[in-house]
Amino acid sequence: MSKKPYYITTAIAYTSGKPHIGNTYEAVLADSIARFKRIQGYDVRFQTGTDEHGQKIEIKANEAGVTPKQFVDGVAGEIKNIWDLMNTSYDKFIRTTDEDHEKQVQKIFKKLYDQGDIYKGYYEGKYCTPCESFFTESQLVDGKCPDCGREVINAKEEAYFFKLSKYSDRLIQYINEHPEFIQPESRKNEMMNNFLLPGLQDLCVSRTSFSWGVPVDFDPKHVVYVWIDALSNYITGLGYDLDGNSDEMFEKYWPADLHLIGKDIIRFHTIYWPIMLMALDLPLPKQVFGHPWLLVGEGKMSKSKGNVIYADDLVRLFGVDAVRYFVLHEMPFDNDGSITWELMVERMNSDLANILGNLVNRTISMNNKYFGGAISNPGVSEPVDEELKTLALTTPGRVAAKMDKLRVADAISEIFTLLRRCNKYIDETEPWKLAKDESKKDRLATVLYNLMESIRFAAICLEAFLPDTAKKILDQLNTNERDFEKLDTFGRLEVGGKVVEKTEILFARLDMKEVMDEVEKIQAAQAAANSTAQPVEEEEPVIDIEAKPEITYDDFAKLQFQVGEIIACEAVKKSKKLLCSQVKIGSQVKQIVSGIKAHYKPEDMVGKKVMVVVNLKPAKLAGILSEGMLLCAEDADGNLALMTPDKDMPAGAQIC
């Protein structure tokens with residue numbers, strides 16, 4: 001009986017630089033789904049790769065003094081190395097500079113042009129260079145790129161356009177008839193309400209302002225724009241040939257079962273790509289899942305912020321499977337997840353070292369200590385055994401049900417529920433006490449067998465998520481019973497065999513301070529590298545706030561601003577927000593109460609030179625008289641910074 005095919009892809013990574021852990025998460029997520037489908041018996045095809053054309057690449061290559069091809073060769077190699085480091089089991093790593101891909105892109109472009117779906121015109125609008133996208137004025141957000149928030153420029157150039165509107169009604173109908181097509185549901189609603197229902201504009205699909213791209217063969221001054229080039233990788237990587245000579249893989253695996261992508265590129269994959277396929281008369285993918293982002297704390301990773309975390313640094317400190325566990329388990333289904341170094345240490349110690357590692361170690365160690373490693377099952381059962389057995393038997397089904405819905409974090413939680421139950425079972429049965437009574441030796445053997453068999457169930461279920469760890473556990477149990485589809489019977493662990501004599505520590509507990517000392521070294525090295533590298537493309541974030549009514553100079557002149565020196569400061573009792581400062585201004589001292597306790601410690605305030613509104617009418621805050629106001633700046637996250645002079649100025653100096 002032939003296996004059912006299953007085709008899964010990631011978005012192809014853009015070769016503008018080294019991918020951070022947020023980019024890497026997608027490859028690990030896709031790998032876990034691909035591996036799980038394989039253990040369920042599917043014939044899986046897992047494709048990933050790199051997107052290597054565009055203006056940004058051309059600019060970066062020029063800055064680096066190399067050709068664009070040399071530049072993308074280096075970055076693509078680095079991306080592939082990281083995917084390999086994270087033990088991703090892809091079957092195909094496609095590059096959009098591959099000759100066979102470029103050839104098919106040219107054929108696709110020509111076919112769409114010949115059948116009237118692509119036409120030549122001019123594009124004039126707002127252009128975002130980092131995103132390589134044109135926008136209309138109405139599409140901008142606060143006058144900036146709606147995708148990345150950066151500045152846009154006015155641009156006009158000759159271009160070819162794709163008639164999206166021709167297919168919009170057909171796509172709307174398809175989405176309505178296939179509710180599973182766009183997941184999660186919130187992404188589908190966004191695409192329908194924000195783009196499809198208001199009406200689609202024709203899409204720019206060629207460029208003349210740069211040359212690093214696939215040439216339009218019948219109009220060589222144009223290069224094929226990113227959408228047709230990058231998106232078509234999902235079929236060219238299967239050997240699709242527009243002339244009808246497609247590889248048998250294409251016939252076998254297309255349409256894709258799942259395109260796994262970041263939520264920020266959902267529009268391209270659920271509107272542009274399906275319409276391209278409709279124009280080519282090809283089936284649409286069965287599902288597109290727009291996963292959330294992995295943030296650092298509460299914010300996006302950014303070199304300009306100095307908060308970028310890379311997979312290789314994480315692996316060096318925690319190991320591959322620990323990093324895989326974190327990014328898979330900590331990411332919610334529909335909301336952004338968060339990673340910090342401190343949280344990694346906490347999860348390593350609590351979940352991996354304690355719940356999983358310690359359970360395996362002490363169970364196998366007890367079997368070695370009490371029975372010389374021999375596995376036996378005398379069958380001396382008690383009622384407490386049944387709950388553990390039932391949970392073990394039902395866990396594979398619950399894991400599979402979660403994976404069918406792409407709820408990977410929840411699937412892992414189901415496995416850890418079983419592991420926690422095993423730890424509780426040890427506390428309930430107290431094997432160390434049974435070992436002291438010779439008459440209870442068979443009961444002890446049964447207890448340890450139940451534990452080892454339950455651990456076998458958990459290890460097989462973990463194989464898709466922590467592949468190396470799962471293998472180590474099964475190797476320590478010395479079992480050949482490793483088939484997920486046979487987890488329908490409790491008791492397949494081979495009686496008469498022996499566990500390994502010496503257990504391997506799966507996950508060692510880490511010292512938080514030692515780890516954070518290493519993190520400081522990593523961050524210092526990154527800062528040094530950034531200081532000597534080319535200027536970072538990311539701009540400092542800006543904030544636009546609602547404008548207040550205009551005032552005259554006379555209105556402004558009523559306010560008196562002076563430099564003040566804080567000579568004493570203390571926290572206001574019974575207040576979570578307030579600090580009370582004694583501020584020297586000229587020859588007088590004013591008492592000022594400020595809501596900045598969350599941002600400054602009292603002892604850190606003393607000695608600061610600050611900007612003060614000195615003629616504000618006194619008021620009581622928390623029962624304490626405040627005789628002025630300290631001025632602060634506030635960012636979008638609510639962080640405050642006191643306004644201070646950039647040169648040393650005497651207390652009382654006028655600010656004008």
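How exposed is R38, and what is its relative accessible area? I looked this up before anything else, and found R38 partly exposed, with a relative accessible area of 28%; on this scale buried means under 20% relative accessible area, exposed means over 50%, and partly exposed lies in between, computed with a 1.4 Å probe on protein chains only.

**Ground rules.** I noted that this is a predicted model, in which local features need pLDDT of at least 70 and side-chain atom pairs count only at pLDDT 80 or more, while totals for chains, interfaces and linings use all residues. Residues are numbered from 1 along each chain as its sequence is written, and side-chain values use heavy atoms, with hydrogens and water left out.

**Salt bridges.** I next asked what R38 pairs with, and found that its side chain meets that of D91 in a salt bridge, at 3.4 Å from N to O; the term stands for a side-chain nitrogen of Lys or Arg within 4 Å of a carboxyl oxygen of Asp or Glu. Because R38 lies in helix α1 and D91 in the loop between α3 (68-85) and β4 (92-95), the pair ties together parts that are 53 residues apart in sequence. Helices (H or I, at least four residues) and strands (E, at least two) are DSSP runs, numbered from the N terminus. D91 is also partly exposed, its relative accessible area being 40%.

I then counted through the structure and recorded 40 salt bridges. One of them joins K18 to D312, with the closest N and O atoms 2.8 Å apart. K18 sits in the loop between β2 (13-14) and α1 (21-39), whereas D312 belongs to helix α11 (residues 311-318), so this pair ties together parts that are 294 residues apart in sequence. Both ends are partly exposed, K18 with a relative accessible area of 27% and D312 with 30%.

Within a single helix I looked at D114 and K110, whose side chains meet in a salt bridge at 2.8 Å, N to O. The two are four residues apart in helix α4 (residues 99-114), which means that about one helical turn separates them. As background, an α-helix has 3.6 residues a turn, so residues three or four places apart point the same way. D114 counts as exposed at 51% relative accessibility, while K110 counts as partly exposed at 30%. I also wrote down a network of salt bridges that links E52, K69, D73 and R95.

**Cysteines.** How many disulfides does the structure hold? I found zero, taking a disulfide to be a pair of cysteine sulfur atoms within 2.5 Å. For C128 the closest cysteine sulfur is in C148, at 3.6 Å, which is too far for a bond. For C204 the closest cysteine sulfur is that of C128, at 14 Å, again too far for a bond. C128 is buried at 0% relative accessibility, and C204 is buried at 5%.

**Sheets.** C128 led me to the strands, since C128 stands opposite S133 in β6. Strand β5 (residues 118-128) and β6 run antiparallel and are joined by three bridges; two strands pair if DSSP finds at least two bridges between them. These strands belong to an open sheet of four, in the order β6-β5-β7-β9, with antiparallel pairing. Its edge strands are β6 (133-135) and β9 (203-204), each of which pairs on one side only.

I then turned to an open sheet of three strands, ordered β10-β12-β11 and also antiparallel. Here β10 (206-207) and β11 (214-215) are the edge strands, each pairing on one side only. Two bridges hold β11 against strand β12 (residues 223-224) in the antiparallel sense, and V214 stands opposite V224 in β12.

**T48.** I placed T48 in strand β3 (residues 43-51) and found it buried, with a relative accessible area of 2%. Its side chain makes a polar contact with the side chain of T10 at 2.7 Å and another with that of W83 at 3.1 Å. A polar contact is a pair of N or O atoms within 3.5 Å; within protein, one must be able to donate a hydrogen and the other to accept it, and residues adjacent in sequence count only if both atoms are side-chain atoms.

**Helix α15.** Lastly I checked the 22 residues of helix α15 (residues 408-429), which at 1.5 Å a residue should span 32 Å, and the end C-alpha atoms are 32 Å apart, which agrees; the expected span is 1.5 Å times one less than the number of residues. E430 follows α15 and has a positive phi, near 50°.
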